[in-house]
Amino acid sequence: MGSINDTTTSFESSPDMEKFLCDRLLDPAQPISERFRALFSLRNLKGPAPRNALILATRDSSNLLAHEAAFALGQMQDVDAIPALVSVLNDLSLHPIVRHEAAEALGAIGIESNVPLLRNSLVSDPAQEVRETCELALERIVQLKDAGAGSSMGEKSPFLSVDPAAPTTLCSSVQQLREVLLDEEKGMYERYAALFALRNNGGKEAVAAIVDSLGSKSALLKHEVAYVLGQLQNKIASAALSNILKNDNEHPMVRHEAAEALGSIADDKSISLLEEFAMDSEPIVSQSCEVALSMLEFERSGKAFEYLFMQAPVVQQ
């Protein structure tokens, strides 16, 4: 779903528009696809109303929506969202996918005062994917500090996302990057840095190396790999992503990203699979398929530009 999820679209807002979007996001009676449309639209706005609505959404009963709200707050790099994100990270009653996204958001915001908070969860959180995310976030903050204020490290990628790691410049070849990415003994930040360097390369060998890393032991790494393959929208990855989605034993966060990536690739087999798994017993997966299919419906009808709400619908009296 990188085609929309990673896109920043500027449009004029109004109090009525903000209220409509906030209400739509937080209305559990709305289809999950409509709530995601509101979420993606709010991500393009600034100010207390969009931020507070997204903060409330991090506590939603839909773990998929809650984690996406935390992700959005990180992509917006809104420092005023930090207390709420810390609260989410520390709340062990929440699904690990939501806590993981809160940790990643704290790293994306990149404030040094987040370091002790992340260190605490690094050693205390019971979920491996959350601990690994804290490791990533801590290293990103260190790298930002070391790079200095004039560095471009904190800037968005060519794919318009704030990445958890900067692409490495230490490896010069696709083969070297592949070796780092596939090395289970390497630190998570180093492997992520290799992943984003391969993504930015974008060639056939680079994509093949990324696909190969779907065999990693780390659910966190695999979920990011699937996300990157969605950004690349390369059909070479379809078979491997399909196998991930079909695997009931795979972590839901990995299956969910595989579903979204298949939505971005959008070949006939991918669409059929999304339709099948929109009935999956795991809500994180079924809702991901539903959202991906909704986005595809807009694209196929030639109305992709209408996926984001540009104005509130007129209510007939």
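Helices are taken here as DSSP runs of H or I of at least four residues, numbered from the N terminus. On that basis, in this predicted model, helix α11 is followed by Gly 202, a residue whose phi is positive, near 75°.

The protein as a whole contains 17 helices and zero strands. Of its 317 residues, 56% count as buried. The accessible surface comes to about 13,700 Å², and carbon and sulfur atoms account for 50% of that area. Among contacts with a separation of 6 or more, 69% are made by residues 24 or more positions apart in the chain.

Helix α11 comprises residues 188-201. Its 14 residues should span 20 Å at 1.5 Å a residue, and the C-alpha atoms at the two ends are indeed 20 Å apart, so the expected and computed spans agree. The helix is mostly covered, with eleven of the 14 residues buried. The buried set begins with Met 188 and Tyr 189, continues with Arg 191 and Tyr 192, and then takes in Ala 193, Ala 194, Leu 195, Phe 196, Ala 197, Leu 198 and Arg 199. Two arginines, Arg 191 and Arg 199, are thus included among the buried residues. Packing partners of the buried residues of α11 are found in four helices: α9 (128-147), α10 (174-182), α12 (204-212) and α13 (219-232).

Helix α11 also contributes to the largest pocket, where three of its residues form the largest share of the lining. The space in this pocket is about 270 Å³. The lining consists of 13 residues, and those closest to the pocket centre are Ala 166, Thr 168, Leu 170, Tyr 189 and Ala 193. Tyr 189 and Ala 193 also belong to the buried residues of α11. At least two lining residues are supplied by each of α9 and α11, and α9 is also one of the helices against which the buried residues of α11 pack. By residue class, the lining divides into nine nonpolar, three polar and one charged.

A further site was examined in helix α16, which covers residues 268-277 and includes Glu 275. The relative accessible area of Glu 275 is 48%, which places this residue in the partly exposed class, since the exposed class requires over 50% and the buried class under 20%. Eleven residues separate Glu 275 from Ser 286 along the chain, and their C-alpha atoms are 9.2 Å apart.

Technical notes:
Residues numbered from 1 in each chain as written. Predicted model: local features only at pLDDT ≥ 70, side-chain atom pairs only at ≥ 80, totals over all residues. Heavy atoms only, no water. Buried < 20%, exposed > 50% of the residue type's maximum accessible area, 1.4 Å probe, protein only. Contact = heavy atoms within 4.5 Å. Areas by Shrake-Rupley, 256 points an atom, 1.4 Å probe, with all protein chains shown as cover. Expected span 1.5 Å × (residues − 1). 1 Å grid on protein atoms, 1.4 Å probe; cavity = no way out; pocket = protein on both sides within 12 Å on 5 of 7 lines; lining within 4 Å. Points joined across faces, edges and corners; volume = space filled by probe spheres on them. Nonpolar A, V, L, I, M, F, W, Y, C, P; charged D, E, K, R; others polar.
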